[in-house]
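Hi,

Here is the structure I promised to pass on. Have a look at it first, and then read on for what turned up.

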Amino acid sequence: MSTVRTVVQPGWLAVSGPEVDAVVEAADRHADSLEAAAADGLVALLEALTAHGLSGAPALAACAPTPTGFRLVVRGDAVVVLPDGTRVGAQGRMPWLDFDLDVDVAEDGEVVLEATEPEQPRGWRRPARLSRPAGEPEPEPEPEAEAEPEPEPEPEPEPAPEAEAEAEAEPDHEPEPVVSAAPHPDLTLPPPDDASGQPPVARVPPAPAPRSALIDAVPWRRADRGQAPSADDATPSADDATPSAPPVPVPAPTELLPVVEHPTPDVTTHRVTLPRTDDDLDRPVVLAVLCPAGHPSPPHAGTCRTCGREIPPQQPFPTPRPSLGVLRISSGGSVPLDRGVLLGRAPRVNEELPANQRPHLLRVGGPDRDISRNHAEILLEGWHVLVRDLGSTNGTTVTLPGQEPVRLRPTEDQGIEPGTVVTLADEVVLTYEVQE
């Protein structure tokens, strides 16, 4: 007949009862209370372990017999070893992995509940794709592939015997110095007949000064703007004139071109992009466009998400993300979507999170406890609003505008839009709205 065996590590307890066997990551002082809960069965043991919420439940592996085999519950770092040697862990499922194992009671076998060392602290944390929790190290870069060795150069062929003989026949003499570059040729002009004896520099006429702008390139422009040229400046001298360039006619003073002043470009910052309060410094920055009424919307939107007016073509600009709307609660009240929201009967967030990354905590549900402690979560990613079920007992349903209701799977994200209805355990109804 199949049996159940427990294997514990330091910091773990082996708990057993008439209808349940388990290993729990807990201190020795909790052994008596857990044994008392295990005496009432698997459900009573799980209720005792989740008394402070699902996020505070420890790692465990529990086994309870069924008419056809065993019911197994695995959470955290615990592992169940099946009779065929297969090791089954929680696989990241929240709040735990619960499955049935069909085992022939007449067949010999053994189910092992084994404890392992924990890899990371437990508790609710913000998803890694939104932000990295404080204190978490950066991921190590993957090692680069080793570069292939370069091929060795082929050996140069040996000189022919005739070349060696010619080299030996030459007389011995000192080697000539190696010249790294050819000497610069003399580009000076030949001396004219009346300039014999002058240095080469004096033979070359000076080049005219370069002209910086088109307005200053005309011959009647002066260095001092706004003054008419004089007769001496306008008429070129015989020494300055060259045979290849005839003199340019000088126009009347009334034909002076006006000086065009180019305005300085506007480099001011859009005032919408500037933070208005200290809260804006903690909000993420997104790209936005404005409607004629000044409401921000995503860059890909054709109409305003607030007033519905058409958005004219414009360049998107960065700005602190505004509130994405509100959640209206069927029992009364609302919560703004300026950050995420944690929904449940008694929601609790990990205290290690920084204050600017903690979501709103919204208590919902009645005394019948149909709503789980940490039931669902509202996530904000850019301009998108997402809903996630946190492994609740009675589930979460999302109804998009004009569509059929959809029940969410645990830890599955569902994007919503204005007018969406979110139902928790068929008891609490929340409506997503966007208003001015």
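Let's start with Arg87, which comes out as partly exposed, at 48% relative accessibility. Keep in mind that this is a predicted model. Arg87 is worth finding on your screen, as its side chain meets that of Glu114 in a salt bridge, with 3.2 Å from N to O. Glu114 is in strand S9 and Arg87 in strand S7 (residues 87–88), so this pair ties together parts that sit 27 residues apart in sequence.

That is one of the salt bridges; the structure holds 5 of them. Here are two others to look up.

Glu110 and Arg5 also join their side chains in a salt bridge, at 2.9 Å from N to O. Glu110 belongs to strand S9 (residues 109–114) and Arg5 to strand S1 (residues 2–7), so here the parts tied together are 105 residues apart in sequence. How exposed is Glu110? Its relative accessible area is 33%, so it is partly exposed. Arg5 is partly exposed too, with a relative accessible area of 38%.

Then there is Asp98, which forms a salt bridge with Arg71; the closest N and O atoms are 2.7 Å apart. This pair links distant parts of the chain, as Asp98 is in strand S8 (residues 97–102) and Arg71 is in strand S5, 27 residues away. Asp98 has a relative accessible area of 34%, which makes it partly exposed. Arg71 is partly exposed as well, at 29%.

While you have S5 on screen, go to Gly69, which is found in that strand (residues 69–75). Is Gly69 buried or exposed? Its relative accessibility is 7%, and the cut-off for buried is under 20%, so Gly69 counts as buried. What does Gly69 touch, if you leave aside its neighbours within four places in sequence? It is in contact with Ala64, Leu101, Asp102 and Val103. Take Val103: it is 34 residues from Gly69 in sequence, yet the two C-alpha atoms are 4.6 Å apart in space.

Next, helix H1, which covers residues 31–38. Leu34, Ala37 and Ala38 are its buried residues. If you look down the axis of H1, the buried residues fall within an arc of 100°, so they line one face of the helix. The general rule behind this is that an α-helix has 3.6 residues a turn, so residues three or four places apart point the same way. And what do the buried residues of H1 pack against? Their partners are strand S2 (13–17), strand S3 (20–24) and helix H2.

H2 comes up again in the last item, the second largest pocket. That pocket holds about 760 Å³ of space. Its lining is made up of 28 residues, and those nearest its centre are Thr50, Leu54, Trp96, Ser372 and Thr393. Two elements give two or more residues to this lining, namely helix H2 (42–49) and S8. Which of the elements gives the most? It is H2, with 3 residues. You met S8 earlier as the strand that holds Asp98. Sorted by class, the pocket lining has 11 nonpolar, 8 polar and 9 charged residues.

If you want a place to begin, try Arg87 and its salt bridge with Glu114, then Gly69 in S5, and then the pocket that H2 helps to line.

Cheers

Notes
Residues numbered from 1 in each chain as written. Predicted model: local features only at pLDDT ≥ 70, side-chain atom pairs only at ≥ 80, totals over all residues. Heavy atoms only, no water. Helix = DSSP H or I, 4+ residues; strand = E, 2+ residues; numbered from the N terminus. Buried < 20%, exposed > 50% of the residue type's maximum accessible area, 1.4 Å probe, protein only. Contact = heavy atoms within 4.5 Å. Salt bridge = Lys/Arg side-chain N within 4 Å of Asp/Glu carboxyl O. 1 Å grid on protein atoms, 1.4 Å probe; cavity = no way out; pocket = protein on both sides within 12 Å on 5 of 7 lines; lining within 4 Å. Points joined across faces, edges and corners; volume = space filled by probe spheres on them. Nonpolar A, V, L, I, M, F, W, Y, C, P; charged D, E, K, R; others polar. Arc of directions from axis to C-beta.
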